[in-house]
Amino acid sequence: MGSQTAQPQTAQPQSEQSRTEQSRTEQSRTERLQTAQSQTEQPDGVLFMPLPIAALSFDGDDTLWDFGSGFEPAIGHAARLLSEALGGPAVTADWLNAVREEVARRMPGAGFGAIRLAAFAECARRRGCDRPALAEDVYRAFVAVRAEHTALYPETVEVLRLLAATLPLALTTNGNIELGALGLDGVFTVVTRAAECGIHKPDPAIYLLTAERLGLPPEQVMHIGDHPVEDVDAARAAGLAAVLLDRTGRTPGALRSLVGLPALLAEGSPAGAVS
Ligand SMILES: [Mg+2]
């Protein structure tokens with residue numbers, strides 16, 4: 001789709017030489033992060049958007065698609081499956097989510113999928129069931145229902161298609177929804193997932209990795225996302241430009257939908273501020 005100047009990162013060979021090169025790359029990334037952080041001090045409410053922007057990075061959940069549209073039916077389905085399998089008091093989505101938060105605290109650095117699977121297993125254990133297959137079955141059903149129901153925002157496909165005609169696009173996400181299920185296969189030149197690279201937002205290093213995979217300096221990449229800290233502050237700390245998307249309209253200067261993004265890029269105007 002469109003003009004694309006960079007290639008997705010491929011798996012690293014495991015030779016001693018490659019490990020040394022990887023170590024150098026990580027050291028370099030740390031040094032660049034420190035430099036970026038020292039250079040991006042700015043007053044609140046002012047968009048930091050150095051030009052020219054040569055690529056765009058997008059958050060996924062609640063930026064390109066409505067996370068709740070898939071998650072709510074998926075967690076409800078998981079609760080029903082566990083209720084049927086375990087018997088006794090009904091398993092509720094609220095309880096599954098509460099246990100998931102407990103499990104997440106014991107699994108720092110783990111991907112969301114691994115945490116959710118472990119949480120289903122923990123719920124089953126607390127109700128006297130140690131069959132690993134049950135949690136695995138419930139997790140597979142959860143993922144399938146989520147993929148079936150997750151809805152893109154109305155403007156997502158059209159805006160991405162328009163932008164991809166002139167810029168390479170990246171996805172930088174902590175989430176794990178499959179792009180194919182959303183009809184977004186092939187849209188992104190680079191996909192950086194926290195579970196795959198081991199770096200989670202709001203660690204700015206995940207944005208440096210996206211820029212590196214795009215083959216661009218961070219200051220030539222602009223990230224767009226719905227979270228003021230994970231998407232905006234973290235991306236700026238890595239030296240990227242960043243724009244807040246607030247679909248509630250409560251943040252002055254933020255984008256209210258992706259529709260305004262092409263104009264913002266064309267104008268290079270100081271919109272898209274954060275509070
Ligand atoms: Mg988000």
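**Close-up views of a predicted model**

**View 1. Ala170 and its neighbours across the strands.** Ala170 stands opposite Val190 in β5. Please keep in mind throughout that this is a predicted model. The two strands that meet here, β4 and β5 (residues 190-193), run parallel and are joined by 4 bridges. Ala170 of β4 also has Ser57 standing opposite. That second pairing belongs to β1 and β4, which run parallel and are joined by 3 bridges.

**View 2. Strand β4, residue by residue.** Is β4 mostly covered or not? Mostly covered: 5 of its 5 residues are buried. Follow the side chains along the strand and you will find Leu169, Leu171 and Thr173 pointing one way, while Ala170 and Thr172 point the other way. Residues on both faces of β4 are buried.

**View 3. The whole sheet, strand by strand.** Here 5 strands form an open sheet with parallel pairing, in the order β5-β4-β1-β6-β7. β5 and β7 are at the edges with a single partner strand each, so one side of each has no neighbour in the sheet. On average, neighbouring strands of this sheet are turned by 20° against each other, direction ignored. Moving to the pairing of β1 with β6, these strands run parallel and are joined by 4 bridges. A handy residue to look for in this pairing is Ala55, which stands opposite Val221 in β6.

**View 4. Helix α8 against the sheet.** Which strands does α8 lie across? They are β1, β4, β5 and β6, and the helix runs at about 155° to β5.

**View 5. The largest nonpolar core.** This core has 43 residues, and those touching the most other members are Leu56, Leu169, Ala170, Tyr207, Met222 and Leu240. Both strands and helices contribute: β1 (55-58), β4 (169-173), β6 (221-225) and β7 (241-244) each supply at least two residues, as do α6 (156-164), α8 (205-214) and α9 (228-237). The largest share, 7 residues, comes from α8. As a general background note, nonpolar side chains tend to be buried together in soluble globular proteins.

**View 6. Leu56 and its contacts, with a second core elsewhere.** Leaving aside residues up to four places away in sequence, Leu56 touches Leu163, Leu167, Leu169, Ala170, Met222 and Ile224. Another core lies apart from the largest one; this other core has 19 residues, among them Ile75, Ala135, Phe142 and Val143.

**View 7. Helices α2 and α3 where they pack.** Helix α2 (residues 67-86) packs with helix α3 (residues 93-106) at an angle of about 100°, and their axes are 8 Å apart. That angle makes α2 roughly perpendicular to α3. On the α2 side the contact is made by Ile75, Gly76, Ala78 and Ala79, and on the α3 side by Ala93, Leu96 and Asn97. Sorted by class, the contact of α2 with α3 has 5 nonpolar residues, 2 polar ones and no charged ones.

**View 8. Stepping back to the chain.** To place the close-ups, it helps to know that the chain has 10 helices and 7 strands. How much of the chain do buried residues make up? They account for 37% of its 275 residues. Of the contacts between residues at least 6 apart in sequence, 62% join residues at least 24 apart.

Notes: Residues are numbered from 1 along each chain as its sequence is written. This is a predicted model: local features need pLDDT of at least 70, side-chain atom pairs count only at pLDDT 80 or more; totals for chains, interfaces and linings use all residues. A nonpolar core is a set of buried Ala, Val, Leu, Ile, Met, Phe, Trp, Tyr and Cys residues joined through C-beta atoms within 7 Å. A residue is buried if 20 or more other C-beta atoms lie within 10 Å of its own, exposed if 12 or fewer, and partly exposed in between; C-beta atoms are placed from the backbone. Two residues are in contact if their C-beta atoms, placed from the backbone, lie within 7 Å. Two strands pair if DSSP finds at least two bridges between them. Axes are lines fitted to C-alpha atoms, for helices over the stretch in contact, and angles run from 0 to 180 degrees between N-to-C directions. Angles under 35 degrees count as roughly parallel, over 145 as roughly antiparallel, 65 to 115 as roughly perpendicular and the rest as oblique. Ala, Val, Leu, Ile, Met, Phe, Trp, Tyr, Cys and Pro count as nonpolar, Asp, Glu, Lys and Arg as charged, and the others, Gly among them, as polar.
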